[in-house]
Amino acid sequence: NKAMLMTVAACAAMVMSASAADVKENWAKSCAKCHGADGKGDTKMGKKLEIKDFTDAKYQDSLKDADMIKAIKEGVKDGEKIRMKAAEGLSDEEIKALVAYVRAFKK
């Protein structure tokens, strides 16, 4: 019984670490070009688009998870101009993981 519990715990740890690797990969692939690896938006594209700093606690507090999910799924438009493309090919779970990843930038 103890061995079975250890096996379940080991499997859960593998799944969680795989998820952590996946979210980092998704961030690098879909978000970092503009938002930066560190979430500060201090990139060429980030500066051009005047992207907000995700490490700023005050800015983070103004963000709602539902709005971030919508932005990731649907993109962000300013009138007819696309400010952020929708992240394609991500599951709802991967999108929620990205929101949690963004939350972790908060200082």
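**Exercises on a predicted model**

Arg83 is located in strand E2, where helices (H or I, at least four residues) and strands (E, at least two) are DSSP runs, numbered from the N terminus. The structure is a predicted model, in which local features need pLDDT of at least 70 and side-chain atom pairs count only at pLDDT 80 or more, while totals for chains, interfaces and linings use all residues. Residues are numbered from 1 along each chain as its sequence is written, and side-chain values use heavy atoms, with hydrogens and water left out.

**Exercise 1. Determine the secondary structure of the protein chain and the order of its elements.**

Solution. Step one is the inventory, which comes to six helices and two strands. Step two is the order: read from the N terminus, the elements run α-α-α-α-α-β-β-α. Step three turns to the surface, for which accessible areas come from the Shrake-Rupley method with a 1.4 Å probe, and for residues only the protein chains shown count as cover. The protein chain exposes about 7,900 Å², of which carbon and sulfur atoms supply 57%. Step four concerns burial, where buried means under 20% relative accessible area, exposed over 50%, and partly exposed in between (1.4 Å probe, protein chains only). Of the 107 residues of the protein chain, 28% count as buried. Step five concerns contacts, a contact being heavy atoms within 4.5 Å. Among contacts between residues at least 6 apart in sequence, 47% join residues at least 24 apart.

**Exercise 2. Which residues form the positive surface patch, and which elements each supply at least two of them?**

Solution. Begin with the rule: patches are made of residues with over 30% relative accessible area and no salt bridge, like charges being joined within 9 Å and nonpolar side chains (Val, Leu, Ile, Met, Phe, Trp, Tyr) within 5 Å. Lys and Arg count as positive and Asp and Glu as negative, whereas His and the chain ends are not counted; the place of a charge is taken as NZ of Lys, CZ of Arg, CG of Asp or CD of Glu. Applying this rule gives a positive patch made of Lys44, Lys48, Lys52, Lys81 and Arg83. Helix H3 (44-48) and strand E2 (81-84) each supply at least two of the patch residues. As for Arg83, its relative accessibility is 33%, so Arg83 counts as partly exposed.

**Exercise 3. Is His35 buried or exposed, and which residues does His35 touch?**

Solution. His35 belongs to helix H2 (residues 32-35). Its relative accessibility is 13%, and therefore His35 counts as buried. If residues up to four places away in sequence are not counted, His35 touches Trp27, Lys40, Gly41, Thr43, Ile51, Phe54 and Met84.

**Exercise 4. How many salt bridges does a search of the whole structure find?**

Solution. The criterion for a salt bridge is a side-chain nitrogen of Lys or Arg within 4 Å of a carboxyl oxygen of Asp or Glu. With it, a search of the whole structure finds four salt bridges, and three pairs are worked through here.

- In one of them, Asp42, which lies in the loop between H2 and H3, pairs with Lys47, the closest N and O atoms being 3.2 Å apart. Both Asp42 and Lys47 are exposed, with 55% as the relative accessible area of Asp42.
- A further salt bridge joins the side chains of Asp61 and Lys106 (2.7 Å, N to O). This pair links distant parts of the chain, Asp61 being in helix H4 and Lys106 in the segment after helix H6 (92-103), 45 residues apart. Asp61 is exposed at a relative accessible area of 54%, while Lys106 is partly exposed at 40%.
- The side chains of Lys73 and Asp92 also meet in a salt bridge (3.1 Å, N to O). Because Lys73 lies in helix H5 (residues 65-74) and Asp92 in helix H6, the pair ties together parts that are 19 residues apart in sequence. Lys73 counts as partly exposed at 41% relative accessibility, as does Asp92 at 44%.

**Exercise 5. Describe the surroundings of Ala57 and the backbone of Glu50.**

Solution. Ala57 lies in helix H4 and is partly exposed, with a relative accessible area of 23%. Between Ala57 and Phe105 there are 8.8 Å from C-alpha to C-alpha, although they are 48 residues apart in sequence. Leaving out residues up to four places away in sequence, Ala57 touches Lys106 and Lys107. Glu50, found in the loop between H3 and helix H4 (57-62), is not a glycine and yet has a positive phi of about 55°. Glu50 is exposed, its relative accessible area being 64%.
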